[in-house]
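Me: I am new to this structure and would like a close look at its buried interior. Could you take me through that part slowly, explaining each term as it comes up?

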Amino acid sequence: MITQQGETLNLQEAISAALEKNYQIRIFKAQEQIARTDFRTAKYSFFPNATANLTNNSNLQNLRQTFLDGLRPPQNLYGLTNRNTQVGINLNWTVFNGFGNFIAYDRLGEVVKITEANTRANVESTVASVATAYYDVIRQLQQLVSLRQALDISRDRLELARANYEVGTRSRVDYLSAQVDYNADSSALVAQQQNVRNSKVFLNTLIVRDPATEFAVRDTIIVRTDISLDQLQQSLTTNNPLLIAAALNRRVANLNVKLAQSQRLPTVNLIGGYNFQAINNQGGFGVGSARNDALIYGFQASVPIFTGFNQRRLISNAQTNALVTEYQESDQRLQLQQALEQTYSQYRNSLILVNLEVESYKIANQNVDIAFERYRVGNSTAVEFRDVQRNAVAAETRLINAEYNTKIAEIELLRLSSQILQQNK
């Protein structure tokens with residue numbers, strides 16, 4: 001066993017921390033919120049636009065005037081104020097634009113669904129990454145235990161070789177060989193300790209905390225053996241967020257075609273308003289003072305007749321883009337199905353390997369016990385014992401990796417079928 005420092009961290013705690021703090025998830029959720037805000041405010045496009053205007057122009061004048069008729073004496077006036085104030089409110093209501101406002105509203109609703117699917121895809125990917133990193137820590141710790149056990153055996157062999165050399169029953173070469181093997185196992189243990197540290201730093205980074213944080217994990221990997229391919233395929237088809245987003249993108253592209261086509265239809269606006277004007281003129285010319293108001297109402301209609309074939313180009317491009325998104329959806333489905341088939345095959349093969357390696361590991365451990373006893377009584381050479389010891393370490397390493405690879409394939413299957421959140425609750 002390996003004594004681990006720090007508090008025990010289970011997988012669910014690691015996942016919860018990542019989902020709460022991960023920056024990529026925060027970015028996707030912020031983009032989702034922007035889309036929701038756009039959709040929520042888009043309904044106001046069906047209402048009139050109202051604009052209030054206020055204009056207040058003032059000037060200060062000094063007049064020095066003589067008159068050509070000679071009937072009036074010259075006048076010099078100073079500090080005269082002229083003021084013109086206008087207040088108004090204008091309304092513009094688009095009552096028909098080829099149903100473009102309805103299409104745009106539906107399009108924004110689909111965009112919200114796309115951002116939700118993208119967020120869920122990122123969440124599921126993050127959960128898979130955290131789970132993979134968590135089990136990698138366990139794998140590295142298991143290999144550390146294996147190497148430490150091998151080092152203990154090498155230490156016993158070294159002590160035995162030293163004792164035999166000192167009493168003259170074995171040669172100095174045998175003792176030096178034991179020393180070299182012990183040093184090699186010590187070096188492998190140090191390197192594996194660094195691997196453990198690296199795996200913990202990586203997991204700490206994924207759950208957004210100080211990379212140097214020490215923690216403990218459980219020391220076993222439990223793999224599932226009951227995963228059904230048919231159930232995975234059905235769940236992938238209906239729940240995978242990447243496939244859902246691809247279908248939504250196709251729907252948005254079709255709405256873009258309708259939006260481009262709506263630009264060919266007439267646009268009808270109702271217009272209205274009320275304006276008030278106040279004049280105060282002390283300059284002595286024209287109107288001295290006035291109060292005017294006016295009510296404005298009417299409608300405006302426009303029909304595009306010829307736009308240099310630009311509208312035709314926009315419609316054609318929108319139709320082509322709709323076809324592209326249809327291809328992309330089909331390709332996404334094919335790629336996901338391929339990944340599911342390959343991962344499931346890897347999963348089944350890994351389960352077979354686990355069973356084989358369990359048997360090999362038991363046999364290798366028995367061989368180590370037998371070989372060490374034979375070496376102790378002098379019935380085998382150091383080379384023979386070292387080969388048995390290496391085989392035992394290799395068998396345990398293969399077993400650890402087989403269990404890890406099976407678990408990683410299981411995690412990927414759950415991610416592809418969009419079941420990973422339910423399985424890790």
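Reply: A good place to begin is Ser199, which counts as buried because its relative accessible area is 6%, where buried means under 20% relative accessible area, exposed over 50% and partly exposed in between, with a 1.4 Å probe and protein chains only. This is a predicted model, in which local features need pLDDT of at least 70 and side-chain atom pairs count only at pLDDT 80 or more, while totals for chains, interfaces and linings use all residues. Residues are numbered from 1 along each chain as its sequence is written, and side-chain values use heavy atoms, with hydrogens and water left out.

Ser199 lies in helix 4; helices (H or I, at least four residues) and strands (E, at least two) are DSSP runs numbered from the N terminus. Leaving aside residues up to four places away in sequence, Ser199 touches Asp136, Val137 and Gln140, a contact being heavy atoms within 4.5 Å. Ser146, in helix 3, is buried too, at 3% relative accessibility, and with the same sequence neighbours set aside, Ser146 touches Val393 and Glu396.

Next comes the nonpolar interior. In soluble globular proteins, nonpolar side chains tend to be buried together. A nonpolar core is a set of buried Ala, Val, Leu, Ile, Met, Phe, Trp, Tyr and Cys residues joined through side-chain atoms within 4.5 Å. The largest such core here has 43 residues, and those with the most contacts inside it are Val130, Tyr135, Leu203, Ile207 and Val217. The elements that each give two or more residues to this core are helix 1 (11-21), helix 3, helix 4 (172-206), helix 7 (310-377) and helix 8 (382-416), and helix 3 gives the most, with 17 residues. Val217, not counting residues up to four places away in sequence, touches Gln4, Leu9, Tyr134, Val137, Ile138 and Leu141. A second, separate core of 13 residues includes Ile227, Leu236, Leu243 and Leu340.

Finally, there is the question of enclosed empty space. A cavity is a set of points, on a 1 Å grid over the protein atoms alone, where a 1.4 Å probe fits but cannot get out, and its lining residues have an atom within 4 Å of a point. Grid points are joined across faces, edges and corners, and a volume is the space filled by probe spheres set on the points. The count comes to one cavity of 30 Å³ or more, and the largest cavity has a volume of about 30 Å³. Its lining consists of Ala121, Glu124, Asn240, Pro241, Leu242 and Arg415, with helix 3 (100-167) and helix 6 (241-262) being the elements that give two or more residues to it.

Technical notes: 1 Å grid on protein atoms, 1.4 Å probe; cavity = no way out; pocket = protein on both sides within 12 Å on 5 of 7 lines; lining within 4 Å.
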